[in-house]
Amino acid sequence: MAEALDNKCPACGAKIKFNPKNQMWDCEYCGEKFTLEQMKEKQTAANEKSNTKDKIKAEKTKQKIEKGMDVYRCKNCGAELIADENTTATFCVYCGSVAILKEKIDMDAPKRIIPFKKEKESAIQAFKDLKKGRPLMPKIFNDPKNIEKITGVYIPFWFYDLNVKGTIDFNSTDIRTWSDSNYHYTETTTFLTTESADIEYNGVITDGSTHFDDDLMDSLEPFNYKDLEEYNHAYLSGFFAEKYDVTSDEAIKRATTRVINTTTNKAQVNVRHQTKIPISNTLKTTKLNDEYIMLPVWMVNINYKNKKYTFAMNGQTGKMVGDIPIDIPKAIIISIILFISIFVIIMLILGGF
Amino acid sequence: MKKIKYLLIVFLLISTIKVNASTQTFERTEENLLIPDEIEVTEKNKELILKTPSINEKEKIYDFAELLTEEEEKIIYGKILKYIDETFLDLAIVTINDNNKNSSMEYADDFYDYNFFKENGSLFLIDMDTRNIWISTKGKAITIYTDEKINNINENIYKYFSDEKYNEGITKFIELFKDYESDKKYNAIKKEQNKGKYIIISLVVSTLITLIIMIILVTKNKLVQKATTADSYINNDKIQIKQISDIFKGRHVSKTKIESSSSSGGSSTHTSSSGSSHGGGGHGF
């Protein structure tokens, strides 16, 4: 755990925010830009001068606890959004409610973080681009008022290294056909095939927040882990973060299902028969390592016909996910137009007129 | 006396006209079979030849069953001549009350072969004995009138004969027969007849295509998918899959009989007693 950085400009002392575009901290007041190293350097120098209180604070952060973070608690849905002193929430990112309370809490600091690579503008653009090739999207989804609410949130994830080991039994068959002048013959040969597998998986992730739909978070994958940085408080500047509320032991279940499925698939490919159906296995999953990490997500919620629709963009790769509802009247009109024009075209081809 | 003589002449004149209007036949004898030169006479077909009426091939209508009035015959005769003129194919219409051959087909084929009709042409037989209509084709007419066309004509006209509307039936026959002579016109008629079918096909196909497009559009709106696998997280240096065993459990052989299927297109032909090829088809009424 690196030393926590104050989100203050080392040059002028004003509040400073992380800029995903150049991956630096930009000071809006004096115009200076700082890299993580520069921030650390200045901070260390400042810390040396500072009194013991700060030293104690620094010690405490080493215990992987972020003390005294601002937390915005939503009265409506109960979500908790963490922010540093530079970021202010005016509405709940999850439900859109403005009934939020600001409190102070301590937070388990994640071990590593992928800082935002995509800034708000590109998230807005990606959201606007959703309408392309999607004529059934309701108009409200392109309302700038909604799109402007897009918010950058660091989502807690559990990051696992897992090993899957064991055997899998397959019912496999080969089918051969031939014919003579009178009959078609079909020969079916069945086997019991056993495969052994031993596979290591690195970095299987599972979302650690109950506020997010698990499937939605799955869809954000893949993240590129080469951008995983040691966590630093300074990365939160300008963004929100969430605490995990799903423990590692709980979250691993989803990861285990995934690795078992993939292991079975890999073994199935290895079976040299025409059809192969897995019937039983002795696969055991061992957790080699787990880590609490934060991943960057741009998200926005839109209410349509009394239902909440969450859209999220991978803050690293720009991949946009979310289920867009169908505008039923639009769908009916499009179906009718399609039907009539296809009917006319086919009749013309057949010469039915 | 003179008056009687005069009446007799008038009567004779009327009767001659009537003879002409019904059908004039010539007697065949063993010595003079009255058949075209190219026909080879064998013991087998000699009897059949003798049983076939010998007629004047220019009359075109041989109404032995007397189903048509003189007036009707005249009009039909005009239409047949027009058909022959336009298509260069021969055409004769025969009605019989009594079929002395094995089938309508045989009667029609023999009638055409053992008289002096053109090499390429057709004969339409209304057989009141077996209650069948039969279209016999020969030479080029075989290829022009495919089985499909002949079936189509028969389907369209047999009802007239069931209803004893012989004149309308024959008139309709000539009309269709002429239309179907040209493929272009036949196709146009077929299209007209198939209009209902085309509408149904178009309805079904456009419903399907619309459905497929709508499904694609709807799925385009679904950008969330549960992850069920972890393929991208495999550490390729630490993957080991081996087959441990492959135990034979059993073998089963099943057999199904091959169904012989026959397909047809174009015109099917048969050989008549004269040895020549005929096409055609018929329908009961």
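This section describes the fold of chain B and the salt bridges of a predicted model.

The secondary structure of chain B consists of eight helices and nine strands. Of the 285 residues in this chain, 40% are buried. Among contacts in chain B with a separation of 6 or more, 69% are made by residues that lie 24 or more positions apart. The exposed surface of chain B amounts to about 16,900 Å², of which carbon and sulfur atoms supply 54%.

An open sheet of six strands is found in chain B, with the order β3-β4-β5-β6-β9-β8 and mixed pairing. Its edges are formed by β3 (61–63) and β8 (270–271) of chain B, each of which pairs on one side only. Helix α3 of chain B, spanning residues 70–87, packs on this sheet and touches both β3 and β4 (90–96) of chain B. The direction of this helix makes about 150 degrees with that of β4(B).

Strand β6 of chain B, residues 132–138, is mostly covered, with six of its seven residues buried. Strand β5 of chain B (residues 121–127) pairs with β6(B) in the antiparallel sense, and seven bridges connect the two. Within this pairing, B:Gly121 has B:Lys138 of β6(B) as its bridge partner. The hairpin of β5(B) and β6(B) has four residues between the strands, and B:Arg131 there adopts a positive phi near 50 degrees. Strand β6(B) also pairs with β9(B), again through seven bridges and in the antiparallel sense. In that pairing, B:Asn132 is placed opposite B:Gly284 of β9(B).

At the β8 edge, two bridges connect β8(B) to strand β9 of chain B (residues 277–284), and these strands run antiparallel. Here B:His270 stands opposite B:His278 of β9(B).

Across all chains, a search of the whole structure identifies 20 salt bridges. One of the salt bridges joins the side chains of B:Lys60 and B:Asp90, at an N to O distance of 2.7 Å. B:Lys60 lies in the loop between β2 (54–55) and β3 of chain B, whereas B:Asp90 belongs to strand β4 of chain B, so the pair ties together parts that are 30 residues apart in sequence. B:Lys60 is buried, because its relative accessible area of 8% falls under the 20% limit. B:Asp90 is likewise buried, with a relative accessible area of 2%.

A salt bridge is also formed between the side chains of B:Lys101 and B:Asp110, with N and O 3.1 Å apart. B:Lys101 is buried at a relative accessible area of 8%, and B:Asp110 counts as buried at 0% relative accessibility.

In the salt bridge between B:Lys172 and B:Glu175, the closest N and O atoms are 3.9 Å apart. Both residues are located in helix α7 of chain B (residues 166–179), and because they are three residues apart they are separated by about one helical turn. B:Lys172 is partly exposed, with a relative accessible area of 24%, and B:Glu175 is also partly exposed, at 41% relative accessibility. In chain A, the residues A:Asp214, A:Asp215, A:Asp218 and A:Arg254 are joined into one network by salt bridges that share partners.

Key. Residues are numbered from 1 along each chain as its sequence is written. Chains are lettered from A and ligands numbered from 1 in the order in which they are written. This is a predicted model: local features need pLDDT of at least 70, side-chain atom pairs count only at pLDDT 80 or more; totals for chains, interfaces and linings use all residues. Side-chain values use heavy atoms; hydrogens and water are left out. Two strands pair if DSSP finds at least two bridges between them. Contact means heavy atoms within 4.5 Å. Axes are lines fitted to C-alpha atoms, for helices over the stretch in contact, and angles run from 0 to 180 degrees between N-to-C directions. Buried means under 20% relative accessible area, exposed over 50%, partly exposed in between (1.4 Å probe, protein chains only). Accessible areas come from the Shrake-Rupley method with a 1.4 Å probe; for residues, only the protein chains shown count as cover. A salt bridge is a side-chain nitrogen of Lys or Arg within 4 Å of a carboxyl oxygen of Asp or Glu.
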